[in-house]
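Please open the model in the viewer and keep the sequence panel visible. The tour below proceeds by selections, each followed by a description of what is found there.

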Amino acid sequence: FAPHSSTTHTNTMTDEKKQKDPREHVNIVFIGHVDAGKSTLGGQIMYSTGQVDDRTIEKYTREAKEKNRDSWYLAFVMDCSEEEKEKGKTVHAARAHFETEKKRYTVIDAPGHKAYVPNMIGGASQADVAILVISARRGEFEAGFEQGGQTREHTMLAKTLGVERLIVVINKMDESTVQWSEERYNEIVDKLTPYLKKLGFKSKAFQFLPVSGFTGANIKNPIDSHKCPWYKGPTFLDALDDLDPIERNESGPLRMPVIDKYKDRGTMVVLGKIETGTVRVDDKVLIMPSNKEVEVAAIKSHDIDVDEARPGENVELHLKADLHKDDVHSGYVICDLKNPVLPVKEFLAQFLVLDKALFTSGYSAIIHIHTAVEDVTVTALMATLDKRTGKEITKKPKFAKQGDLLLVRMTLPQSVCITKFSDCPQLGRFTIREDKTVAVGKVTAIKPLK
């Protein structure tokens, strides 16, 4: 952006910060089984890129020692709450930011434990790239992938939520049962590759890297060739920087699902990722489904004031309006004043049954669609569809079974702002869960409320 020049005493530092950063912004999410080392890897990246200084690391080292968790000090960079530090498990999807010479990144550290999968979905729904973290330690990879662990579900959910690019980080390669073994690395690659292709990831859309999140080997600097003579590929940060630019829809109508909100000196602040469109300071926008017109008083990106924000940016919007606390919630959408997202209570969807032996109309569960989490009921099975062509096979089946692709009618007790998948994929794809992921789908038609 052009620096402010209306006054002679404008702070130069502020002007520099307000200039448009030409580097691409990318959202990455760490996924994978509990204890694969996601938070430690995230902490190591923060340290390696200069986002965390030595004094902070020394503080976390002391804290970890006091809790008899000496090796967890890097994880404390991402796991900030006392609950997470005590458990040694990520509960919420933590966010942090780092930069390289080529790009700017928001990193989301999603929980690995199956009890917190709904939190993981919230994190993954914001991501452009998923980092699947695998533990190379004997027994830990097998527990995560082969014995009902979260490796499979997390990867499937990431794909369902629209993540098209995957970097598989094989972590803990320095561990005593592994010691940078090429044989162990290849064993994991050979077992994961067919599963990733089965999920729909194309060969060019995923890659494997050996690292040690604890020591930092192959994160920023290459691995010592004496320890690992067989690996000649890129470091983790180089692999991220070398990904092709992500296509964004800057000219489309504004769509920003709300992740969270808070009050700052009486001003309502909403947090979210802009999916389409561009928002500028002083713009008039609409909060849906509460239908409240507000003015954007300020925009913050990575705690820095900016004049505008584009698709892919995680931002805070400071809203100028007399808002009640119930006028905006997580799952609401900040949208274009002239072309808003419409509230819906009924819609049609393509629906793939993943984990339900027998499926009939009347089925109720929880739907996760963008940042919204609501009750939903399947009120009618309209047709069974051919998975390859999408064409109708059977009209109005009485039941469906695991693996079937259906056209269904779904109803919501509360209105939710969604779109057809063809209009805006980010607001039109969803996951259905009980205590496990039961189905995934995309919205094909909506019946907006009057």
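**First stop: the strands around β8**

Select V270 and L317: the latter, in β14, is the bridge partner of V270. The model is a predicted one, in which local features need pLDDT of at least 70 and side-chain atom pairs count only at pLDDT 80 or more, while totals for chains, interfaces and linings use all residues. Residues are numbered from 1 along each chain as its sequence is written, and side-chain values use heavy atoms, with hydrogens and water left out.

Now extend the selection to strand β14 (residues 314-320), which runs antiparallel to β8 and is joined to β8 by 6 bridges. Two strands are said to pair if DSSP finds at least two bridges between them. Helices (H or I, at least four residues) and strands (E, at least two) are DSSP runs, numbered from the N terminus.

Add strand β7 (residues 255-264), which is also antiparallel to β8 and joined to β8 by 6 bridges. Here Y262 stands opposite V269 in β8. The two strands β7 and β8 form a hairpin with 2 residues between them, and R265 in the turn has a positive phi of about 50°.

Is strand β8 largely enclosed by the rest of the structure, or largely open? Of the 7 residues of β8 (residues 267-273), 5 are buried, so the strand is largely enclosed by the rest of the structure. Buried means under 20% relative accessible area, exposed over 50%, and partly exposed in between (1.4 Å probe, protein chains only).

**Second stop: K273**

Select K273, which is placed in strand β8. With a relative accessibility of 4%, K273 counts as buried. Display the side chain of D128 as well: a polar contact of 3.3 Å joins it to the side chain of K273. A polar contact is a pair of N or O atoms within 3.5 Å; within protein, one must be able to donate a hydrogen and the other to accept it, and residues adjacent in sequence count only if both atoms are side-chain atoms. Not counting residues up to four places away in sequence, K273 touches a set of residues including N27, R248, R255, I259 and E313; a contact means heavy atoms within 4.5 Å.

**Third stop: helix α7**

Select residues 150-160, helix α7, where 10 of the 11 residues are buried, so the helix is largely enclosed by the rest of the structure. Among the buried residues of α7 are Q150, E153, H154, M156 and K159. After α7 comes G162, whose phi is positive, near 100°.

Within this helix, pick out T155, which is buried at a relative accessible area of 1%. Leaving aside neighbours within four places in sequence, T155 is in contact with I31, L132, L166, Y195, L196, L199 and F201.

**Fourth stop: the aromatic rings**

Show the aromatic side chains; the structure holds 10 aromatic pairs. Rings of Phe, Tyr and Trp (its six-membered ring) pair if their centres lie within 6.5 Å; planes under 30 degrees apart count as stacked, over 60 as edge-to-face and the rest as tilted.

Select F145 and Y195: their ring centres are 5.7 Å apart and their planes stand at 75°, so this pair is edge-to-face. F145 belongs to helix α6 (residues 140-145) and Y195 to helix α8 (residues 182-199), so the pair ties together parts that are 50 residues apart in sequence. F145 is buried at 4% relative accessibility, and Y195 is buried at 13%.

Turn next to F351 and F430, a tilted pair with 6.4 Å from centre to centre and 40° between the planes. F351 lies in strand β16 (residues 343-353) and F430 in strand β23 (residues 429-433), so the pair ties together parts that are 79 residues apart in sequence. Both F351 and F430 are buried. Adding F347, F359 and Y363 completes a cluster linked by ring pairs.

Return to Y195 and add R152, which lies over the face of the Y195 ring at 4.9 Å from the ring centre. A charge sits over a ring if NZ of Lys or CZ of Arg is within 6 Å of the ring centre and within 35 degrees of the ring normal.

**Last stop: the whole chain**

Colour the chain by pLDDT, the predictor's confidence in each residue, from 0 to 100. The protein chain averages 82.
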